[in-house]
Amino acid sequence: MTESFPPPPAGGCSATPVLKQRGQHEVFCGLTGIVWLHRKMQDAFFLVVGSRTCAHLLQSAAGVMIFAEPRFATAILEETDLAGLKDAQEELDRVVHDLLARRPDIRQLFLVGSCPSEVIKLDLAKSAERLSAAHAPHVRVLSYSGSGIETTFTEGEDACLAAMVPELPATTERELVLVGALPDVVEAQALDLLERIGVGPVRVLPAPRADSGLGIGPNTVFALTQPFLGDTLGALERRGARHIPAPIPVGEEGTTLWLKAVAAEFGIGPDVVDRVTEAPRARARRAVRQAAEVLSGRSLFLFPDSQLEIPLARFLTRECGMHAVEVGTPFLHRQILGPDLELLAPGPTLSEGQDVDLQLARLREARPDLTVCGLGLANPLEAEGLTTKWAIELVFTPVHFYEQAGDLAGLFSRPLRRRDALKVGAA
Ligand code: SF4
């Protein structure tokens with residue numbers, strides 16, 4: 001089988017010095033994760049303890065009326081709460097009791113902290129403990145922070161999953177757990193591939209329901225499908241589970257290496273993976289090749305946003321022929337990203353954290369062909385003649401595993417095609 005990517009560079013970017021920056025940063029907060037998490041956990045409810053700003057963020061990010069109470073809502077902290085004139089704990093207890101009385105289908109309730117609840121030092125962990133005791137065993141109440149002070153947008157998922165892990169039942173079963181919220185169709189593809197390779201039994205975190213039988217113990221092994229799950233990884237290890245290091249399964253190469261690492265853990269050789277995946281690999285390669293016609297030879301600058309930046313840079317450079325100038329990430333978790341870093345050829349600046357003005361200065365000097373950044377930066381940069389891609393689309397679009405590799409490449413080739421077409425039109 002011919003590979004569409006070059007041989008791995010010796011050591012890759014593993015030893016590349018990282019430019020660490022702490023300054024003003026431009027990213028969404030962790031509340032955003034509720035938009036995709038509530039779809040994965042069918043009996044869960046997310047109650048944001050926040051302000052009207054938080055309610056507006058969720059409303060516009062999710063595109064639904066939050067007051068219709070699908071599976072999340074905001075308990076609004078009024079000015080009297082913020083000024084400490086009312087007992088916010090009592091108010092919260094009342095809101096939760098009313099909600100649970102009205103919605104007996106809720107089995108897991110997440111109290112989600114925000115900037116305002118943090119500022120007034122509302123202890124949501126204590127509230128969750130108290131409310132859990134009051135509503136056990138029917139409802140489990142947990143808490144985590146999605147505040148913009150503490151979290152960037154994908155960290156909300158990490159905080160949520162990490163909060164769930166200590167509460168999961170203990171097991172001695174030898175099971176694989178796929179960790180990370182994937183769209184249902186992508187999760188089904190992953191489970192099908194693993195089954196055909198012969199890996200099993202397999203469970204997923206987050207599980208679709210509280211009573212789905214997911215347990216954690218010393219014989220649990222787990223593989224991450226997202227790179228931003230550092231706290232969840234730590235929580236699973238504290239329960240005795242073992243992490244399988246692998247590149248993140250995006251693109252043909254990442255997916256294949258991820259499957260091979262998981263298969264090896266179950267004593268299955270790479271030849272079996274090659275045989276089972278031959279057809280989807282060929283489809284992925286064909287789909288990526290189309291987008292790569294536009295991407296090949298073009299330069300790339302990734303701002304820190306979703307924490308997917310290093311796996312994406314690996315995919316875009318190795319499978320699409322792009323040339324990375326800078327790869328920024330909010331956090332560089334080496335235990336998770338080590339295998340991706342090893343595949344990334346030395347050359348780009350690796351930066352962790354952000355000082356947005358300094359980074360913009362580097363960008364303007366480099367003038368890359370494509371800039372991947374947050375919504376707030378994209379429009380002004382477009383006005384300066386730079387071509388941009390919104391990073392947030394990467395977490396709302398199915399991008400993992402073979403069948404999505406072409407769509408993933410297409411997300412980056414489309415803005416370049418549009419820019420090329422505009423240039424031709426203007427000529
Ligand atoms: Fe804004 Fe903070 Fe609420 Fe997020 S948590 S919407 S950053 S106020």
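Colleague: Which residues touch the most other members of the largest nonpolar core?
Modeller: This is a predicted model. Its largest nonpolar core holds 106 residues. Helix H11 gives the most to this core, with nine residues. The residues that touch the most other members are Phe46, Phe110, Tyr144, Leu176 and Phe412.

Colleague: What does phenylalanine 46 touch, leaving out residues up to four places away in sequence?
Modeller: Contact here means heavy atoms within 4.5 Å. By that test, Phe46 reaches Ile34, Leu37, His38 and Met41, among others. The list goes on with Arg71, Phe72, Ala73, Phe110, Val112, Tyr144 and Cys160.

Colleague: How many residues make up the other core, the one apart from the largest?
Modeller: Its members include Val49, Ala73, Leu99 and Ala128. The count for this core is 20 residues.

Colleague: Where on helix H6 do its buried residues lie?
Modeller: H6 runs over residues 124-135. Its buried residues are Leu124, Ser127, Ala128, Leu131, Ser132 and His135. They cover an arc of only 130° around the axis, so they sit on the same side of H6.

Colleague: Which exposed residues does H6 carry on the face turned away from its buried side?
Modeller: The buried residues of H6 pack against strands S2, S4 and S5 and helices H4 and H5. The face turned away carries exposed Lys126, Glu129 and Ala133.

Colleague: What distance separates the end C-alpha atoms of helix H8?
Modeller: H8 has 14 residues, 184-197. At 1.5 Å a residue they should span 20 Å. The model agrees, with the end C-alpha atoms apart by 20 Å.

Colleague: Within what arc do the buried residues of H8 fall?
Modeller: The buried residues are Val186, Glu187, Ala190, Leu193, Leu194 and Ile197. Seen down the axis, they line one face of H8, because they fall within an arc of 125°.

Colleague: Which glycine just after H8 takes a positive phi?
Modeller: The phi there is about 105°. The residue is glycine 198.

Colleague: Why is helix H13 largely enclosed by the rest of the structure?
Modeller: Its buried residues are Ile336, Leu337, Gly338, Pro339, Asp340, Leu341 and Leu343. What covers them includes strands S8 and S12 and helices H9, H10 and H12. H13 is largely enclosed because, of its ten residues, those buried number seven.

Colleague: How many charged residues are in the shell around the ligand?
Modeller: The residues around the ligand are Cys29, Leu31, Thr53, Cys54, Ser114, Cys115, Ser147 and Gly148. Four are nonpolar and four are polar. The number of charged residues is none.

Methods:
Residues are numbered from 1 along each chain as its sequence is written. This is a predicted model: local features need pLDDT of at least 70, side-chain atom pairs count only at pLDDT 80 or more; totals for chains, interfaces and linings use all residues. Side-chain values use heavy atoms; hydrogens and water are left out. Helices (H or I, at least four residues) and strands (E, at least two) are DSSP runs, numbered from the N terminus. The expected span of a helix is 1.5 Å times one less than its number of residues. Buried means under 20% relative accessible area, exposed over 50%, partly exposed in between (1.4 Å probe, protein chains only). The arc is that of the directions from the helix axis to the C-beta atoms. A residue is near a molecule or strand if one of its heavy atoms lies within 4 Å of it. Ala, Val, Leu, Ile, Met, Phe, Trp, Tyr, Cys and Pro count as nonpolar, Asp, Glu, Lys and Arg as charged, and the others, Gly among them, as polar. A nonpolar core is a set of buried Ala, Val, Leu, Ile, Met, Phe, Trp, Tyr and Cys residues joined through side-chain atoms within 4.5 Å.
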